Amino acid sequence: MTAPRVAQADAPLLSEPGEPRAAAGPDAPGPWWRTALVRSVPILGALLGIAIVWYAVTYLALPANQRFLLPPPHEVFGETLTNARVMGPMAAALGRTFGVTVVGLVIAVVLGIAYAVVMSQWRIAERVLYPYAVILQTIPILALVPLIGIWLGYGFPARVVVCVIIAVFPMIANTLFGLQSASPAAHDLFTLKKASRWQRLRKLQFPAAVPSIFTGLRNAAGLAVIGAIVGDYFFQQGAVGIGGLLRVYTERLQIDALLVAVTLTALFGVLVFSVFAVLDRAVVGRWYGHTGR
Amino acid sequence: MITLTGVSTDQHSVTEPGGARTLVLEGVSKRFPTGTVALTDVSLGLGPGDFVTVVGPSGCGKSTLLRLASGLERATAGSIDVRAASTSYVFQDATLLEWRSAARNVELVGELRGESKAERRKRAQEALDLVGLTGFESQHPRQLSGGMRMRVSLARALVAEPELALFDEPFGALDEITRLDMQTELQKLFRLKRFAGLFITHSVSEAVYLSTKVLVMSGRPGRIVAEIPVPWDYPRAPDLRHTAEFAALTGRVSHTLGEHS
Ligand SMILES: Nc1ncnc2c1ncn2[C@@H]1O[C@H](COP(=O)(O)OP(=O)(O)OP(=O)(O)O)[C@@H](O)[C@H]1O
Ligand SMILES: [Mg+2]
């Protein structure tokens, strides 16, 4: 009953599958600042495009007697940027807004991740808690801002609260999505190995969520900037941030200062967004074992 | 041990009556809350050195059988007795954690068991060497081919030193050449480790080549309609597949399968 015996019975147990593949893609991993520089080229291009349109509007579209509505960039920046009486307060205001953004973002991130983790652990928790997140997202924030001012005053804490309310939802939604993204088979594997809830969270759900968390972070960062400015714009009291200055300049028709403030605000947003985009690339790329890209 | 067909058995397809049995199912049925009856009255037993393959039409309850045997699902009737210190389950897709290197995927088993770092490193390396992945330890799943990912998955199953190993169509998604390769390697590993194996497949030739016994299931609700012992010793040469005896046996399995689909 014993049929064909194997001749090469004790050859090496398994055949070699070949050489390890090279890890890197076409673009070799440079230092982080190189990546940042390369990635900022499109942004610089966009700024150039805006400047061109600006000049075109000033000199080609506006008649000479209305040119004060949009003075050319070199006049705006040349005169205002060197004017310490304007730039001093503006830098201070930008600093305050930056502070609110950073603190608001940190709180939104911690809160959002914690909220999503709790929801991911018990189905009932998700049922109960998710509606609050949705309400927070859909509530007209502009109606809420004055109330927050009345309740919490117009200082730093109230501004941070506005910032958190605006920024937290993408953190919650993306983190929850990521925590739930592990495959049923992977969950079965953990069940079969009798993993504890904590082990499942730490070794399966949370690592699976990392890319989504970074997506959430990028969105939350952009919204945190907006949140800090919105709070500031509507609180007419307290130490002014850049949002408050925007309102003041508008009311006084200080077009030059207004344009500089808008530009700086935009650059601030771009900077925050870029930092997280670069971070996202670096971390998530490495997460799956590719270097660079 | 229930013998459904009157076929003679040999030393591989059966263990001594009353001997140590790793997995015994008796009269097992599964009805899902949706009302679907996936299995009816399934009985089987396997011990160390048994490698049983299960073939049956799609949707007949083969995966359900494995999920019951592994404890992932509960039977609605009958009894399931598992006497294995360690059970491994190999899924259809490799089910690797994408953020971990090959070695760290294999180490996961030791981590969940609370083994020391040095211990699980050593054991993961041994398992990876065994499946021919020496030199690929630090590669992530996305950098590996489908066949290599399945090797990592096999290494992860082996590192647990399973007494019972369950396979749910693990090679189903691989191309033909890789698939034959993996079959050859799996039966070598089986010869070495002598676990009790239960292996689901759609391929009759795979079922015969790998096993000590082929179970044929009917269409839903699944039950075992035939039990066909496979005589050859391990390791088995790849060329075994081209012999007349092999063709005769696969023919018999296919025929039985056709009768009950
Ligand atoms: N959790 C579940 N709830 C309800 N029905 C289920 C569940 N799991 C499986 N089924 C049903 O049970 C039957 C058997 O499913 P199973 O996955 O075991 O089949 P299978 O033989 O593995 O099929 P395939 O060969 O396609 O993998 C199917 O009809 C399926 O729809
Ligand atoms: Mg199946």
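Mentor: Helices here are DSSP runs of H or I with at least four residues, strands are DSSP runs of E with at least two, and both are numbered from the N terminus. On that basis, Lys194(A) is found in the loop between helix H7 (184–192) and helix H8 (197–234) of chain A. This is a predicted model, in which local features need pLDDT of at least 70 and side-chain atom pairs count only at pLDDT 80 or more, while totals for chains, interfaces and linings use all residues. Residues are numbered from 1 along each chain as its sequence is written, chains are lettered from A and ligands numbered from 1 in the order in which they are written, and side-chain values use heavy atoms, leaving out hydrogens and water.

Trainee: Why does Lys194(A) count as exposed?

Mentor: Exposed means over 50% relative accessible area, buried under 20% and partly exposed in between, with a 1.4 Å probe and protein chains only; Lys194(A) has 73% relative accessibility and therefore counts as exposed. Its phi is near 55 degrees, a positive value in a residue other than glycine. Asp41(B), in strand S2 of chain B, is likewise exposed, at 55%, and its phi is near 50 degrees.

Trainee: Why is H6(A) described as largely enclosed by the rest of the structure?

Mentor: Of the 24 residues of H6(A), 19 are buried, so the helix is largely enclosed.

Trainee: What span does helix H6 of chain A reach, and what is expected?

Mentor: The expected span is 1.5 Å times one less than the number of residues; helix H6 (residues 156–179) reaches 33 Å from its first C-alpha to its last, which is close to the expected 34 Å. A kink of about 35 degrees nevertheless lies at Ala167(A), shortly before Pro170(A), the bend being the angle between axes fitted to the seven residues ending at a residue and the seven starting there.

Trainee: How do you know that S1 and S2 of chain B pair, and in which sense?

Mentor: Two strands pair if DSSP finds at least two bridges between them, and S1 (residues 23–31) and S2(B) have six, in the antiparallel sense. One of the bridge partnerships joins Leu25(B) to Leu44(B) in S2(B). The open sheet of three strands has the order S2-S1-S4.

Trainee: What makes S2 and S4 of chain B stand at the edges?

Mentor: Strand S2 (37–46) and strand S4 (77–82) each have a single partner strand, so one side of each is left without a neighbour in the sheet.
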